[in-house]
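Subject: The structure we talked about

Hi,

Here is the structure for you to open on your side. Have a look at it first, and then read on for what turned up in it.

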Amino acid sequence: MSFSIGIVGLPNVGKSTLFTALTRKQVDAANYPFCTIDPNVGTVPVPDERIEQLAKLYNSKKVIPTVIEFVDIAGLVAGAHKGEGLGNKFLSHIREVDAICQVVRNFTDDDVTHVTGEINPESDKQTINTELIFADLATVDKRIEETQPRARSGEKAEQQALAIYQKAHTLLDNGALLGEVGLSDDEQAQLYDLHLLTMKPMMYVMNVDEDKLTQDVPGHLVVSAKIESELVAMDEADAREYLTSLGMQQTGLDRLIRAAYELLDLITFFTSGPDETRAWTVKRGATAPEAGAVIHTDFQEQFIRAEVTNWQDLVTAGGEVGAKEKGLMHLEGKEYVVQDGDTIYFRI
Ligand code: GDP
């Protein structure tokens, strides 16, 4: 299993350019049985320096990073909720992803038309978000209609549910994204099965002109899709030199992948040995057996305990023998909540 981010935005903002650059980084599907072979899905490695250091420690034959999926969701235009463009089909694609990466345009190029005729990232965002809000309103209103008769018949639980649906309606009606209004855990749980689009975590990517790359735009990841498409076509040395000349340390794609990973509230744990060093992903808060399940169902079902060492401790101690001697390895049971950077050996 992996987590997915849908790339959305108005036409001609640079979504495909970014997506195509991302797919050039695609992993070898052989190592990831869950990989979907779909031209609109790119499964990419999550950049992580720690895995290289662990692999060096064990002289591992294979190094396998963890991955996330990007999904190219083209076709969102104003009026999608009324069926414009790909309409509802498009919205159902968004429903399937875990988070949304919204691309807005802030590059100038007279050869590339802007759908509304002028460069205005804020208004682009408004257009997209309004579509998401309208789609959610339709979903919530349908649910309100279904719940009302039951609530009228006096069932307490139904009345409470109805109150939450009505609150969601009011918020959406006022133009709010439900993911940004601080709904309580109970409210979120009540709305969960509606799979509302505006409850998904969202990040904004601003596609800028090459000379604006180093500017800071609060709340946005600033990239140049054009430069990213050039960088992925270069060999590593050239790419590094080019990056340096632009005053950047990391490619926009690497920053984007990391930011998406963080947006999803994911953490990484490692398994490491001479055969292979591998990074794995779990949701923050996962327990040791849940982490085991990511590797193999046996690791969850037959879990006895986990031998856990922070990756840095393991590297500093020169391996597990040293880590044990220094008391840096700890034995953990079923309740243990996995921490980012743990290396884990599962006893089953
Ligand atoms: P999409 O409709 O959002 O998928 O947009 P595309 O990625 O297809 O880009 C639309 C056009 O804009 C293409 O001709 C791209 O080459 C061009 N384009 C995309 N990103 C940039 C950029 O950063 N700078 C410039 N100048 N052109 C870009």
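Buried residues make up 46% of the 348 in the chain. Keep in mind as you read that this is a predicted model. The chain has 13 helices and twelve strands, and its C-alpha atoms fit in a box of roughly 65 × 60 × 35 Å along the principal axes. If you count contacts with a separation of 6 or more, 66% of them link residues 24 or more positions apart.

Now the pockets. The largest pocket comes out at a volume of about 910 Å³. It has 26 lining residues, and the ones closest to its centre are Lys25, Pro47, Glu236, Arg240 and Asp254. Which helices supply at least two residues each to that lining? They are helix 2 (49-58), helix 7 (225-231), helix 8 (236-245) and helix 9. Helix 8 has the largest share, with four residues. By class, the lining of the largest pocket splits into twelve nonpolar, three polar and eleven charged residues.

The second largest pocket has a volume of about 580 Å³. Its lining counts 21 residues, and Gln188, Tyr192, Met199, Lys200 and Pro201 sit nearest the centre. Two or more lining residues come from each of helix 3 (87-96) and helix 6 (185-191), and helix 6 gives the most, with three. Here the classes are twelve nonpolar, four polar and five charged. So that you can put the two linings side by side: eleven charged residues in the largest pocket, five in the second largest.

One helix pair is worth pulling up too. Helix 1 (residues 15-23) packs against helix 9 (residues 252-263) at an angle of about 90 degrees, and their axes are 11 Å apart. Because angles of 65 to 115 degrees count as roughly perpendicular, that is how helix 1 lies relative to helix 9. Which residues meet there? From helix 1 you'll see Leu18, Ala21 and Leu22, and from helix 9 Leu253, Leu256 and Ile257. What sort of residues make up this contact? Six are nonpolar, with no polar and no charged ones. Helix 9 therefore turns up twice in this email, as it also supplies at least two residues to the lining of the largest pocket.

If you want to click through it, you could begin with Lys25 and Asp254, which are among the residues closest to the centre of the largest pocket, and then go on to Leu18 and Leu256 in the helix contact.

Cheers

Conventions: Residues are numbered from 1 along each chain as its sequence is written. This is a predicted model: local features need pLDDT of at least 70, side-chain atom pairs count only at pLDDT 80 or more; totals for chains, interfaces and linings use all residues. Side-chain values use heavy atoms; hydrogens and water are left out. Axes are lines fitted to C-alpha atoms, for helices over the stretch in contact, and angles run from 0 to 180 degrees between N-to-C directions. Angles under 35 degrees count as roughly parallel, over 145 as roughly antiparallel, 65 to 115 as roughly perpendicular and the rest as oblique. Contact means heavy atoms within 4.5 Å. Ala, Val, Leu, Ile, Met, Phe, Trp, Tyr, Cys and Pro count as nonpolar, Asp, Glu, Lys and Arg as charged, and the others, Gly among them, as polar. On a 1 Å grid over the protein atoms alone, a cavity is a set of points where a 1.4 Å probe fits but cannot get out, and a pocket is an open set with protein on both sides within 12 Å along at least five of seven lines; lining residues have an atom within 4 Å of a point. Grid points are joined across faces, edges and corners, and a volume is the space filled by probe spheres set on the points. Buried means under 20% relative accessible area, exposed over 50%, partly exposed in between (1.4 Å probe, protein chains only).
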